[in-house]
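Subject: Handover of a structure and notes on it

Dear colleague,

Please find the sequence and the structure below. My notes on the sheets, salt bridges and enclosed spaces follow.

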Amino acid sequence: MKVILANPRGFCAGVNMAIECLEEVIRIFGSEIYVYHEIVHNKYVVNKFTSLGVTFVDAVSEVPENSILVFSAHGVSPQIRQEARDRNIRTIDATCPLVTKVHTEAIKYAQSGYNIILIGHEGHDEVIGTMGEAPESITLIETPEEVTDLSFPEDAKLAYLTQTTLSVDEAGRVIQSLKQKYPHIESPPKEDICYATTNRQQAVTELVPQADLVLVLGSQNSSNSKRLMEIGKTVGKPSYLIDGVQELNPEWLVGCESILITAGASAPEVVVDELVTHLEEKYQAEVETATIRNESVRFPLPRELRVLET
């Protein structure tokens with residue numbers, strides 16, 4: 001059996017920053033702190049911090065007054081920030097800068113009188129946060145079919161934004177439909193889908209023809225991890241999204257000569273290592289790394305923490 005390790009894979013700069021941020025907050029203040037939603041969408045990472053004493057919450061009302069609250073990498077709405085201020089909660093913002101970019105674009109377009117069409121998945125933390133910046137100006141859609149149902153007048157000022165973790169191909173189809181219906185629709189000068197999402201999708205797309213099976217390390221609520229699995233399925237390869245080796249079904253490997261392994265942008269490398277070690281020990285797998293692109297992006301810790309460190 002041959003194992004092809006896709007590279008780039010795993011943590012992106014935004015996830016690295018958010019996790020380093022939470023680790024630094026624990027170092028400075030101790031572990032009795034709170035995080036709004038999961039710091040990143042990965043079960044292994046969340047369980048690790050929970051075991052240290054961190055409490056993850058889904059509402060600011062769950063956080064005691066005068067506590068420390070970290071905002072997750074996916075960003076939050078202005079309403080959540082105000083709720084925290086009203087409860088005298090000290091906040092530290094670990095929002096990915098690429099998500100902040102989308103929030104800023106939403107505010108700019110809304111203030112300029114645009115109707116904003118946001119392409120994304122309903123209920124995703126990032127989408128909720130972005131829509132909260134200008135709820136009266138944003139319409140959420142997910143598929144090209146939904147474009148047909150839009151009823152903006154021909155002379156309406158329109159702009160589109162996208163969730164940062166979408167499938168590049170799927171978002172492209174929606175954007176194409178929007179441009180066909182509204183040729184004058186505007187968009188930011190730089191696309192919103194993040195570099196890491198794009199790179200991981202490209203790696204799987206290029207390498208999947210060599211594989212009989214695709215295994216993606218990541219959690220079920222990780223949007224970018226699901227997109228990686230879907231790429232494999234689209235070309236007819238059995239593809240599975242798993243949190244770790246404990247979820248590997250031996251039946252998947254029957255008759256399998258080549259496995260492509262990758263990891264979503266919120267999955268730690270340790271879960272990849274555990275899976276590869278298992279395949280080496282039990283199936284005598286030979287492992288090779290296939291690098292499609294090198295990444296060197298790094299984001300600084302939030303300003304609130306940098307001030308404390310100086």
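Two strands are taken as paired if DSSP finds at least two bridges between them. Helices (H or I, at least four residues) and strands (E, at least two) are DSSP runs, numbered from the N terminus. Please note that this is a predicted model, in which local features need pLDDT of at least 70 and side-chain atom pairs count only at pLDDT 80 or more, while totals for chains, interfaces and linings use all residues. Residues are numbered from 1 along each chain as its sequence is written, and side-chain values use heavy atoms, with hydrogens and water left out.

I begin with the sheets. One open sheet holds four strands in the order β3-β2-β4-β5, with parallel pairing. Its edges are formed by β3 (55-57) and β5 (90-93), each of which has a single partner strand, so one side of each is left without a neighbour in the sheet. Neighbouring strands here are turned by 30° against each other on average, direction ignored; axes are lines fitted to C-alpha atoms, for helices over the stretch in contact, and angles run from 0 to 180 degrees between N-to-C directions. Four bridges link strand β4 (residues 68-71) to β5 in the parallel sense, and Leu69 stands opposite Thr91 in β5. Helix α3 (residues 78-86) lies across β2 (34-36), β4 and β5, and runs at about 170° to β4.

A second open sheet has three strands, ordered β7-β6-β8, and its pairing is also parallel. The edge strands are β7 (138-141) and β8 (158-162), each pairing on one side only. The average turn between neighbouring strands of this sheet is 25°, direction ignored. Strand β6 (residues 115-119) runs parallel to β8 and is joined to β8 by five bridges; among the residues concerned, Ile119 has Thr162 in β8 as its bridge partner. Helix α4 (residues 97-111) packs on this sheet and touches β6, β7 and β8, its direction making about 170° with that of β8. Contact here means heavy atoms within 4.5 Å.

I turn next to charged side chains. Side chains of opposite charge can pair when their charged atoms come close. A salt bridge is counted when a side-chain nitrogen of Lys or Arg lies within 4 Å of a carboxyl oxygen of Asp or Glu, and the count by this rule comes to 10. Three of these pairs are described below, together with accessibility: buried means under 20% relative accessible area, exposed over 50%, and partly exposed in between (1.4 Å probe, protein chains only).

Arg298 and Glu20 meet in a salt bridge at 3.2 Å, N to O. Arg298 lies in the loop between β12 (286-291) and α11 (303-309) and Glu20 in helix α1 (residues 13-29), so this pair ties together parts that are 278 residues apart in sequence. Arg298 is exposed, with 61% relative accessibility, whereas Glu20 is partly exposed at 25%.

Asp192 and Lys101 also form a salt bridge, at 2.6 Å, N to O. Asp192 sits in the loop between α7 (168-181) and α8 (195-207) and Lys101 in helix α4, so distant parts of the chain, 91 residues apart, are linked. Asp192 counts as buried because its relative accessibility is 6%, while Lys101 is partly exposed at 22%.

Glu295 forms a salt bridge with Arg200, the closest N and O atoms being 2.8 Å apart. This pair links distant parts of the chain, with Glu295 in the loop between β12 and α11 and Arg200 in helix α8, 95 residues apart. Glu295 is partly exposed, with a relative accessible area of 29%, and Arg200 is buried at 1%. In addition, Lys101, Glu105 and Asp192 are joined into one network by salt bridges that share partners.

Finally, the spaces. They were sought on a 1 Å grid over the protein atoms alone: a cavity is a set of points where a 1.4 Å probe fits but cannot get out, a pocket is an open set with protein on both sides within 12 Å along at least five of seven lines, and lining residues have an atom within 4 Å of a point. Grid points are joined across faces, edges and corners, and a volume is the space filled by probe spheres set on the points.

A search of the whole structure finds one cavity of 30 Å³ or more. The largest cavity has a volume of about 240 Å³. It is lined by 20 residues, of which Cys12, Val15, His74, Thr165 and Asn224 are the closest to its centre. Helices α1 and α9 (223-234) each supply at least two residues of this lining.

The largest pocket holds about 250 Å³ of space. Its lining has 14 residues, and the closest to the centre are Arg81, Asp93, Thr95, Pro97 and Thr100. At least two lining residues of the largest pocket come from each of α4 and α11.

With kind regards
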